[in-house]
Amino acid sequence: MAGRLEVLAAAEAGLSDADVLLLALQQAVAALGGLGGMAHLRGPGPAGPLLLVVSAGLPRAVSSGWETVPSDEQSPPALALREDAAVWRPTAAALPGSASDHDRADVVAFPLPTPHGPAGTLTVLLPPAAGEPATAGLAVAEQIAGWAAGRLGTGSRTGHTMPLAGSGRAVPTDIRQALRAVRIGAWDWDVRSGDVTWTEPVPSWLDLPGHAFDGRMETWTSLIHPADLPTVMAETERAIRSHGEGEYEYRVRRADGSWAWVRTRGRVIADDQGRPTRMLGTLWDTTEAHNALESAGRALRQMSDGFVAAGGGGVITFVNPEAERLLGDGGELTHRRLWDLPTVRRVPGLAERCRAAATTGGEPDEFDVQLPGEDRWYHLRLMPVPEGLTVFLTDVTERRRQQGERAALERAAGERATRIGELTAALSEAVTAQDVVNAVADHVMSPFSASSMAVYAVEGDRLRIIDALGYDPEFLRIVDDLVPEAATAISEALNNHAPVFVESPEEYLARYPGSERLVAGSAKRSWAFLPLIVSGRGIGACVISFDHPRHLGGEERTLLVAVSGLVAQALERARLYDLEHGRARELQRGLLPRELPRLPGVTAAACYLPAGRGTEVGGDWYDVIPLAADRVALVIGDVMGHGLSEAATMGRLRTAVHTLSDLELPPDDVLTHLNDIVSDLGDEFYATCLYAVYDPTNRRCVFARAGHPPPAVVTPGGEVRFPDLDPNAPLGAAAPPFETAELELPDGALLVLYTDGLVESPGRDIDQGMAHLASVLSTAYRAGRAQSPEELSEAITTALLPAGVEHEGDDAALLVAQTHWLSPDNIATWALPEDPIAAGQARDHVREQLAAWHLDALTTTTELVASELVGNVVRHARGPIRLRLLRSRSLICEVSDGSHTTPHVRRASETDEGGRGLQLVAALSRRWGTRVTTEGKSIWTEQTLPGGQPGAAGD
C-alpha cells in the first residue's frame, strides 16, 4: 500500500487539476480493488452541487448518471462532502445509467480536504456484496485523497484555479492573469438576494472605493454617474424581463473622485421554472478609449475643414466649429437629424444622398455643392461607418477656378490614358504572341494613322518576324534575305534601349548607308523603331510605318515609348505561354493513347478536345484495353481541375487501370482500387470514371461508374438511350462498394463514352447536353454516319463543340466503340468430370473441334495445354470443370473451375517430379493468364492461328 503513495509523491510538478485527480483516482481504485471511480469538485455557491471532473474504469452509460450530484442528497459523495469524512454504503441502489436494476455496486466516497472545507470527493465503486473495505485500504485511500487535495491549484498548465473573490467559484490562474493584463473583470449577481461577487482584478485596476466590493449591488450602483444611472437600470431591467443579454457603457466614481469609463455585458440565468435567478457578465475599462476619442475631438475642432459625425438614424453626435458655421441655423446641431437641417434640405438632393449613405452603409459618396448663402464651392465626402455616417466639407473654390484652365490639358491626358488603358486591357487578355500583334494593330495603328506594323522577336543572334500587317509579302521576303541591312535601325534601338524615329527615306539612307535595296523595295516613307525591353534585356522590336513622311511630336513619342513597354511585357509573357502551351500539349499527347488497338470485340475511335484558353493540361482521358477471351475494357475518366498535378494524377490512374485490367478484376473492384489511389492523394484531388467490360461471346457489357455521366447506347435500329446506372460518388469521395449494371447489346451496337466537358458548359446544363448528344446520334444514324466510329466521333464533336467557336469551358474526351459478336460456331464448350479421366476427355474434345475448324496444326500443342490445365484442376482445385475453345483472331483455350486459388509458375529443380506444368503451358502459348469469374476462376491461353487464318469477330 505504501508503494502507491510513493508513486504519487514522484508525480512531476505542473500537473493540471484534472491530471492530479485522475492519477489519484486510479491509485484509490487499485488500493481498494474497485471496479472504477469518479472525482467530483464542489460547484459554485455555498450549497453548490458536486460536478464530475474525471472518471476511470467506468463506461459513459454509468458515469453519466453522476455528472451532477446535489450536495443535499443522501448519496455517498454528498454525505462525504457534508460530513467531511469517508462514507461507505453497500449495495443500496442500482448503478446510475446501468441497463438493469439488478446491476448494483458498493460505493465508498472520500472528501478532498482543504482548510476551507472539502473541495470535492473521490468516489470508488466496489464489487457488490464485497463487504466493508479493509481498514488499511480505507486509510491509504484517505491519504491519496489528501495528496490530491494538496496538489489542486499548484499546476502551471491550464486548469490551475483560484477562488473568485467573495464566492466559492474558481477562475483559472492563467485566465485571471490575462484578465488583469487587459483590464477585464467578471461578476456574478444573485438577482433575488442582491449579492454580487467580482473577480479579484476589478479593484486593482479601477481604483474604486473599498466599500464598492462589500457584496451588494446597491453599493455598486451608488458609484454610477447620475447621468448614466437611468440608462443602466433600464437596460438591466430589460435584460431580466427578456431573459436575455444586456450591454451598456457608463461612468463610475473612483476613490479619488475622478470618473472611469467602463463597459459591461451580462447574461441572465433562469431556474427550472424559468424565473431569473442570476446574471453573469464581464466588465472592462474603456477610459483610455474615451480619452483618445476626446483627444480626437479636440483635433477635429481645430480642423479648417468642416466635420460632422452622425450615429444611428442620422442623429448628429459631433460637429466641429467650421461645420457648425456652414450648416447651422443659429441653433444647437447635436442630437438633431442631419438630413432634417434646413441648410441641408435647401441643397437639391443633398438630404437624400446623406440618408442613403447612412442607411445603406455602402461606398463613400463624394461630390461638390454650393451651400445656400455662400459664393464658394465645397467638396462633400459622405463616409459610411459602422456607427452611422461622417461628413467632411472642404472648400474647393480655388480648385474649381483652376479647372477651366487645365481642362484642355486634362482632356489630352485623358485621351492618352484611354488609349493606354484600351491597349493595356487588350494586352492583358492576350495569351499568344499572335494575340499581342493583333492588340497592337487594333489599338496603336489607327490612333497614329500608321499604315503598317511588324513585330520582331530576338532568337539567338538574329531577328524573326512574328507577324506583320500592311506589308507586301514580296517585301517581307526581301527583308528576310537582307537581315543585316534590314536590322540596322532595329539593332540601334535594341543596343541603346531607346526608340529610333526616321521621318523620311532620305534620312534613313543618310543614317544607314547601304540600305538602298531595302528602301527601294518599301513603299513606306517614315518609321518608328521601338525596342521591346524586359528587365534590361532586349527581346524584340515593334516597327510602325507610315505611307508619307511623318514628324512625331514629343507627346506622341512619349506615348509610343509607353506603348513599347506594355508590348514588351505582354510579348514576353506570350512567348512563355507559347512555350509552355507547346510543352503542355506534348505532355497531354504523351499521357493519352497514341492509337487505339484493333480488337475482335470492338472497333473504336476517340478524340480529346482541350479548352480554348490556358496553358494547363486537363485531366480527361480514355482507353481501350484488351482482356482475356476477346473481352474488352472501355474506360473514360476526368480528373477535376487543370494543371500538371491533375495531368500526373490522370497518368497514374490510366497506368493503374491497365494494371488492374491485367488482373482481370471486375469493374466495381477496379473502381474501388482507383478510389483508394485518389483518396491517398489528398482532399484536393477528385476524379470521375466509367469502366465497362464487353464480352463478345455473350454480347454482355458490365458497367460501373464513379460520378461520371452515363454512356449513350445506340442500337442498330437507331434507338438512343442512356442506361440507368447508379452514378456513385466521384473517386476520392466515394464509399465502396460500387454498384454495377449489366446490358445485353445487339451485334453492331454503338457505345458512346464521354466526359462532362462535351455536354456541359456555362450556358448549357448536363441534361440539356445529353439531350443534344442523343439528337446528334439519331441524326447521324439516319444520315448513315453511325456505321463508322471515326465518322460518328467527328459528327459529335462538330455538333457539340463546333469549330470556330472558342471553347472556354472544360476539356472534353470522347470514346466511340462499335461492338461485334463472336458467333456460336466459333465457340465450343464442354463440362468435364472431377476425375483424372477428364484430361483424356479434354484431349479428345480438342482434337475433334480443331479438326472441324481445320486447325489441325494446333492440335498437338492445344491437347498438351488443355490436358495440363485440366490435370491441375483435378489435382489442386475443385469443380465444376469446364473447357472452352474460342476461334477468333487467335485460338483461345479456357479451363474453368470452382476454386479461387490462383496458380503460379515456379522454378522446379532437377529432382522434382512436378512443378513444370505451367512452364510448359507458358512455353506453348503466345500468352496466358488467370481471371476471376462468378463461379471461381478461369485459366486461359492464346495461340496464333497458323498461316494467318482470319479470325471471327471484328475481322
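Two strands are counted as paired if DSSP finds at least two bridges between them. The model on display is predicted, and the tour begins with one such pair.

Select residues 687–695, strand β27, together with residues 700–706, strand β28. These two strands run antiparallel and are joined by seven bridges. Within the pair, Val693 stands opposite Val702 of β28.

Next, widen the selection to the whole sheet. This open sheet is formed by five strands, in the order β25-β26-β27-β28-β31, with antiparallel pairing. Strands β25 (618–626) and β31 (740–744) lie at the edges with a single partner strand each, so one side of each has no neighbour in the sheet. From one strand to the next, the twist averages 15°.

Now add residues 644–662, helix α22, which packs on the sheet and touches β25, β26 (632–642) and β27. The direction of α22 makes about 15° with that of β25. The helix has 19 residues and reaches 27 Å from its first C-alpha to its last. Among its buried residues are Met650, Leu653, Val657 and Leu660. An α-helix has 3.6 residues a turn, so residues three or four places apart point the same way. After α22, select Glu664, whose phi is positive, near 60°.

Finally, turn to the cavities. The structure holds five of 30 Å³ or more, and the largest has a volume of about 190 Å³. To find its centre, select Phe475, Leu518, Trp527, Phe529 and Val543, the closest to that point of the 15 lining residues. Elements that each supply at least two residues of this lining include α16 (473–481), β22 (526–534) and β23 (537–546).

Note on methods. Residues numbered from 1 in each chain as written. Predicted model: local features only at pLDDT ≥ 70, side-chain atom pairs only at ≥ 80, totals over all residues. Heavy atoms only, no water. Helix = DSSP H or I, 4+ residues; strand = E, 2+ residues; numbered from the N terminus. Axes fitted to C-alpha atoms, helices over the stretch in contact; angles between N-to-C directions. Contact = heavy atoms within 4.5 Å. Expected span 1.5 Å × (residues − 1). Buried < 20%, exposed > 50% of the residue type's maximum accessible area, 1.4 Å probe, protein only. 1 Å grid on protein atoms, 1.4 Å probe; cavity = no way out; pocket = protein on both sides within 12 Å on 5 of 7 lines; lining within 4 Å. Points joined across faces, edges and corners; volume = space filled by probe spheres on them.
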